[in-house]
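Colleague: Got a minute to go through this one with me? I'd like to talk pockets, one helix and the salt bridges.

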Amino acid sequence: SAIPTTPTVSRWPLSSKVAPLPLPGGEALWEESPGSPEEAAAILARCARENVPVYPLGAGTAAGRLPLPSARGGILRTERLSGIVEFEAGDLVLTAGAGTRLAELQAFLAGHRQFIPWDPPDADRATIGGLFSAGEAGPLVQGYPHPRHLVLGLWAALADGSVIHPGAKVVKNVAGFDLSKLFWQARGTLGTVARMTIRTYAISEAERMLSGVFGEAGPAFALAGSIRDAFSLSRLEIVLSCGGGAPGHWGVWASIAGDASVVEAQSVRAKEAFRAANAAVRELSAAERMSGVEGLPGTAAFRGDASAAALARAFASTRGIRAILSAIPAAAERGVRIRAVASPFAGTVRLAADGEPPAVESALAELRAIAQRAGGFLLLDRIPAGAAMPWRGADPSGLSLMRRLKAAFDPSGALAPGWEP
């Protein structure tokens, strides 16, 4: 259904509260649910004029991970900025409200034998705008473009009351710098993403997931490197669990996708490669990949509603990701249980840690230092209780440019204070 475009702004603060949000000082003071990009822009403009902090919120999956930095502001919910606005099946392009859940779009597209190759841990609950703003990707980055490149264009509500529409509805768009990329991982600090145009892909005829388990890191890295370009892989993950009194487990999970005959033939060859690496290979179901298997963590361990004391994401070169993963067993010797899943050739790793807060903080600080020495960074999505770790660590490269952009988009500083660079 099309998103309404008649701007009407209700009075606020409202009497209702946003109970689920773990704000440091209590609940959010008010909430608004705009029904159009123009309504969202009007709310942001009022917040900017009156210097009232405002945080966009989709399904709340990210809010369940890390408390919002301010307790005196309010929430701009995107739930009414939802629904499919336009779909061009032949062009593989879909436009939808940012408050639309990714799972709803996947269900709709499945009826057209299409999908969006975007599979973060909270893909069943999260909204597309929330995922984009939080910078959430998944292991499908191995075989498909990164989600920030899947988004061809967007509508964003700004603090001056305007709505901008960078990007286009075509895949090949090279006319200058694409401003929509600025909103990737911006967490609402530049504006609120209200609508998005996304590239879709045809669903593969067949897919098969393989798993191999190792007792140490070396063979796992060697196998991943040997099969990376040898097969039609949609996913390639190195999975790790160690600490907590249990022996360390390393795993390689690979998904082969494509035509049924190709998948069948490549699966036979891939299994031979796993056995040659002395791995007991087995096929992995989607349910096992979610829950975990053979002592290895599944996707559920890294969701926003997971029970881990700390959740983090690290980004680095392939060499940096290997350094981070290789350091985890030593970091876990502090009495910390650490689980990790990495897409090493896409430069990402997710971490979940449990243990006494000081030990968890020390282990994550060590892994953050390794990431930074490798030219990468580590973001905390959940900080252990009692810890005083900053969510993003050392100042990133290009910080001065980021701050100039923030000042240009949000001179009053009302948009998501605390998340800014």
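Modeller: What follows is a quick run through those topics, and keep in mind that this is a predicted model.

Colleague: Pockets, then. What volume does the largest pocket have?

Modeller: The largest pocket holds about 1100 Å³ of space. Its lining counts 36 residues, and Trp184, Gln185, Phe377, Pro396 and Met402 are the closest to its centre.

Colleague: Which helix gives the most to that lining?

Modeller: H10 does, with 4 residues. H10 spans 399–409, and strand E20 (377–382) also supplies at least two residues.

Colleague: How do the lining residues of the largest pocket divide into nonpolar, polar and charged?

Modeller: There are 18 nonpolar, 11 polar and 7 charged residues.

Colleague: Stay on H10. Which of its residues are buried?

Modeller: Leu399, Lys406 and Phe409. Down the helix axis these buried residues fall within an arc of 95°, so they line one face of H10.

Colleague: What do they pack against?

Modeller: Strand E8 (163–164). The face turned away from the buried side carries exposed Arg404 and Ala408.

Colleague: Next pocket. What is the volume of the second largest, and which residues are closest to its centre?

Modeller: The volume is about 640 Å³. The second largest pocket is lined by 28 residues, with Phe115, Asp119, Leu140, Glu207 and Arg235 closest to the centre.

Colleague: Where does the largest share of that lining come from?

Modeller: From H2, with 5 residues. Other elements that supply at least two residues include strand E11 (206–214), strand E12 (233–243) and helix H7 (286–291). By class, the lining has 18 nonpolar, 5 polar and 5 charged residues.

Colleague: How many cavities of 30 Å³ or more are there?

Modeller: The count is 3. The second largest cavity has a volume of about 270 Å³. Of its 27 lining residues, Ala137, Gly138, Pro139, Thr348 and Arg350 lie nearest the centre.

Colleague: Which strands supply at least two residues there?

Modeller: E17 (310–315), E18 (337–343) and E19 (348–354). The lining of this cavity has 14 nonpolar, 7 polar and 6 charged residues.

Colleague: Switching topic. How many salt bridges?

Modeller: The count comes to 22. One of them joins Glu31 and Arg77, at 2.8 Å from N to O. That pair links distant parts of the chain, with Glu31 in strand E1 and Arg77 in strand E3, 46 residues apart.

Colleague: Are Glu31 and Arg77 buried or exposed?

Modeller: Both Glu31 and Arg77 are buried.

Colleague: What about Arg208: which residue does it form a salt bridge with?

Modeller: Glu264, with the closest N and O atoms 3.0 Å apart. Arg208 is in strand E11 and Glu264 in helix H6, 56 residues apart. Arg208 has a relative accessible area of 23%, so it is partly exposed. Glu264 is partly exposed too, at 39%.

Colleague: And which residues are joined into a network by salt bridges that share partners?

Modeller: First, one more pair: Glu288 and Arg282 meet at 2.4 Å, N to O. The network joins Glu136, Arg187, Arg313, Arg350 and Asp381.

Colleague: Last one. Is Thr192 buried or exposed?

Modeller: Thr192 has a relative accessible area of 3%, so it is buried. Thr192 lies in strand E9. Beyond its neighbours within four places in sequence, Thr192 is in contact with residues including Leu44, Pro56, Leu76 and Trp155.

Conventions:
Residues numbered from 1 in each chain as written. Predicted model: local features only at pLDDT ≥ 70, side-chain atom pairs only at ≥ 80, totals over all residues. Heavy atoms only, no water. Buried < 20%, exposed > 50% of the residue type's maximum accessible area, 1.4 Å probe, protein only. Contact = heavy atoms within 4.5 Å. 1 Å grid on protein atoms, 1.4 Å probe; cavity = no way out; pocket = protein on both sides within 12 Å on 5 of 7 lines; lining within 4 Å. Points joined across faces, edges and corners; volume = space filled by probe spheres on them. Nonpolar A, V, L, I, M, F, W, Y, C, P; charged D, E, K, R; others polar. Arc of directions from axis to C-beta. Salt bridge = Lys/Arg side-chain N within 4 Å of Asp/Glu carboxyl O.
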